[in-house]
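Hi,

Here is the structure I said I would pass on. Have a look at it first, and then read on for what turned up in it.

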Amino acid sequence: MRLLPTKNCKPGMKLAKKIYTEDGLVLLGRGVELTERLISRLIECGVGYVYVEDPRTADIEVPETISEETRIRAVAEIRSAFREMVSAPRRKGVTYPYVGKQLRGVMNMILDEVGNRQDAMIMLMNMGTVDHYLYQHSLNVCIYSTILGMAEGYSKDELMVLGLGALLHDIGKTQLPPQLLSKPGALTDLEFAEMKRHAEYGFQLLKDEPNIPLIAAHCAFQHHERLDGSGYPRGIKGNDIHEYAKWIGIADSYDAMTSARAYRGPMLPHQAIEQLFVGTGTLYEQRMVQVFCDKVVLYPIGLTVKLSTGELGVVVDINGAYAHRPVIRVLNGADGRPPAEPYEIDLSKQLATMIIGIAQDETDISAPAGH
């Protein structure tokens with residue numbers, strides 16, 4: 001399979017991976033043939049990249065950070081918990097103890113799949129998800145934060161608290177007008193001021209819940225605070241920001257950058273990481289960004305890349321210890337023509353060869369005779 005920008009897909013291509021709704025349900029199945037109408041609709045829904053079938057890479061399978069079954073169950077539980085907490089009017093002294101138990105169940109599922117894998121990497125999870133502004137985003141940030149917590153050596157109890165804080169970091173957005181969340185283009189000063197209140201709304205929703213740790217409520221409160229005091233809602237800085245909120249802030253920023261927005265397409269992982277590094281020492285702790293970088297798969301499997309040798313190829317495997325130097329199957333030689341037989345280059349062993357760019361268009365790669 002190949003990973004292509006949706007805008008560069010052509011009618012007749014077939015999906016190699018499913019497309020999911022925000023609720024975690026399958027919208028389009030594997031093997032569905034794309035039409036002009038489907039491509040346009042996917043672009044309108046914010047699906048920036050899709051996996052398509054390609055006979056030259058038919059053997060490539062993209063590993064999932066969590067199983068499809070766990071993803072669907074987790075998103076359903078998150079949706080149910082969020083709706084339960086915000087559907088009824090909030091009255092003093094009224095709590096929702098079942099919600100905390102429900103979300104602990106989600107965390108146990110995630111820890112069962114991810115927590116026992118010391119080699120777990122942060123894989124891009126936004127490809128092929130429609131309208132992922134809240135439920136999928138909450139799940140993604142939770143998984144990313146859990147992997148970071150594992151890298152830090154947190155205990156299972158600590159991972160549970162960190163994960164709950166990540167799952168619930170954006171619940172305050174349920175208190176905002178939907179048109180504000182989906183507005184194309186820049187927000188006005190008044191709109192941005194209202195948007196920033198979601199952190200405080202989240203804290204107020206969570207702080208008195210009996211089965212949700214108070215630290216998780218503070219993660220919702222602090223995930224937009226920044227090292228130099230330039231964040232919100234309180235402008236606190238440095239060690240006044242809880243360590244968990246710092247991890248969640250990095251994961252939240254990364255997931256936002258690698259997601260489509262009404263006003264821009266999604267960044268690829270290496271582009272988002274560059275932006276995180278720009279903020280080191282001011283917005284984020286340098287050590288934490290480095291840990292994040294070490295755990296991120298910078299070049300997703302299926303992505304077409306340009307090499308310093310002039311060759312073009314597709315990422316077919318990840319080297320765990322050197323995630324930024326994957327295995328590449330070359331489909332175009334340095335002369336711009338396809339080789340008689342595709343061959344592979346392991347960049348962790350051929351250190352003089354580097355990835356210098358991304359081939360965004362299908363026409364960047366010539367098809368061999370007969371294709």
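One cut-off before anything else: a pair of helices counts as roughly parallel under 35 degrees, roughly antiparallel over 145, roughly perpendicular from 65 to 115, and oblique for the rest. Please also keep in mind that this is a predicted model.

Now to the helix pairs. Helix 10 covers residues 243-257 and helix 11 covers residues 269-278; the two pack at an angle of about 135°, and their axes lie 9 Å apart. An angle of about 135° falls in none of the three named ranges, so helix 10 and helix 11 are oblique to each other. The crossing of helix 10 past helix 11 is right-handed.

Which residues make that contact? From helix 10 come Ile250, Ser253, Tyr254 and Met257, and from helix 11 come Pro269, Ala272, Ile273, Gln275 and Leu276. Sorted by type, the residues of this contact are 7 nonpolar and 2 polar, with no charged ones.

Pro269 deserves a second look while you are there. This proline belongs to helix 11, and with a relative accessibility of 0% it counts as buried. Pro269 also sits 7.3 Å from Val297, C-alpha to C-alpha, although the two are 28 residues apart in sequence.

The other helix pair to look at is helix 5 with helix 9. Helix 5 (156-167) is one of the elements that the buried residues of helix 9 pack against, along with helix 8 (198-206) and helix 10. Those buried residues in helix 9 are Ala216, Ala217, Cys219, Ala220, Phe221 and Gln222. As for geometry, helix 5 and helix 9 pack at an angle of about 40°, with 8 Å between their axes. That makes this pair oblique as well, since an angle has to be under 35 degrees to count as roughly parallel. Helix 5, too, passes helix 9 in a right-handed crossing. In the contact, Val161, Leu164 and Gly165 of helix 5 meet Ile215, Ala216 and Cys219 of helix 9. By type, the contact residues here divide into 5 nonpolar and 1 polar, again with no charged ones.

Next, the charged side chains. In general, side chains of opposite charge can pair when their charged atoms come close. How many salt bridges does the model have? The count comes to 13, and I picked out a few for you.

- Asp54 with Arg2: their side chains meet at 3.0 Å, N to O. Asp54 is in the loop between strand 4 (49-52) and helix 2 (68-87), while Arg2 is in strand 1 (residues 2-5), so to speak a link between distant parts of the chain, 52 residues apart. Both Asp54 and Arg2 are buried.
- Glu61 with Arg30: this salt bridge has an N to O distance of 3.2 Å. Glu61 lies in the loop between strand 4 and helix 2, and Arg30 in the loop between strand 3 (26-28) and helix 1 (36-44), so the pair ties together parts that are 31 residues apart in sequence. Glu61 is partly exposed, at 46% relative accessibility, and Arg30 is partly exposed too, at 48%.
- Arg329 with Asp59: the closest N and O atoms are 2.8 Å apart. This pair links distant parts of the chain, with Arg329 in strand 7 (residues 327-332) and Asp59 in the loop between strand 4 and helix 2, 270 residues apart. Arg329 counts as buried, at 11% relative accessibility, whereas Asp59 is exposed, with a relative accessible area of 53%.

Salt bridges with shared partners also join Arg2, Asp54 and Arg56 into one network.

Two smaller spots to finish with. Where is the cis peptide bond? You will find it going from Tyr232 to Pro233, with omega near 15°; Pro233 lies in the loop between helix 9 (214-222) and helix 10. Then there is Gln136 in helix 4 (residues 135-151). Is Gln136 buried or exposed? Its relative accessible area is 0%, so Gln136 is buried. The C-alpha atoms of Gln136 and Leu167 are separated by 9.8 Å, with their positions 31 residues apart along the chain.

Cheers

Key:
Residues are numbered from 1 along each chain as its sequence is written. This is a predicted model: local features need pLDDT of at least 70, side-chain atom pairs count only at pLDDT 80 or more; totals for chains, interfaces and linings use all residues. Side-chain values use heavy atoms; hydrogens and water are left out. Axes are lines fitted to C-alpha atoms, for helices over the stretch in contact, and angles run from 0 to 180 degrees between N-to-C directions. Helices (H or I, at least four residues) and strands (E, at least two) are DSSP runs, numbered from the N terminus. A crossing is left-handed if the near helix is turned anticlockwise from the far one by less than a right angle, and right-handed if clockwise. Contact means heavy atoms within 4.5 Å. Ala, Val, Leu, Ile, Met, Phe, Trp, Tyr, Cys and Pro count as nonpolar, Asp, Glu, Lys and Arg as charged, and the others, Gly among them, as polar. Buried means under 20% relative accessible area, exposed over 50%, partly exposed in between (1.4 Å probe, protein chains only). A salt bridge is a side-chain nitrogen of Lys or Arg within 4 Å of a carboxyl oxygen of Asp or Glu.
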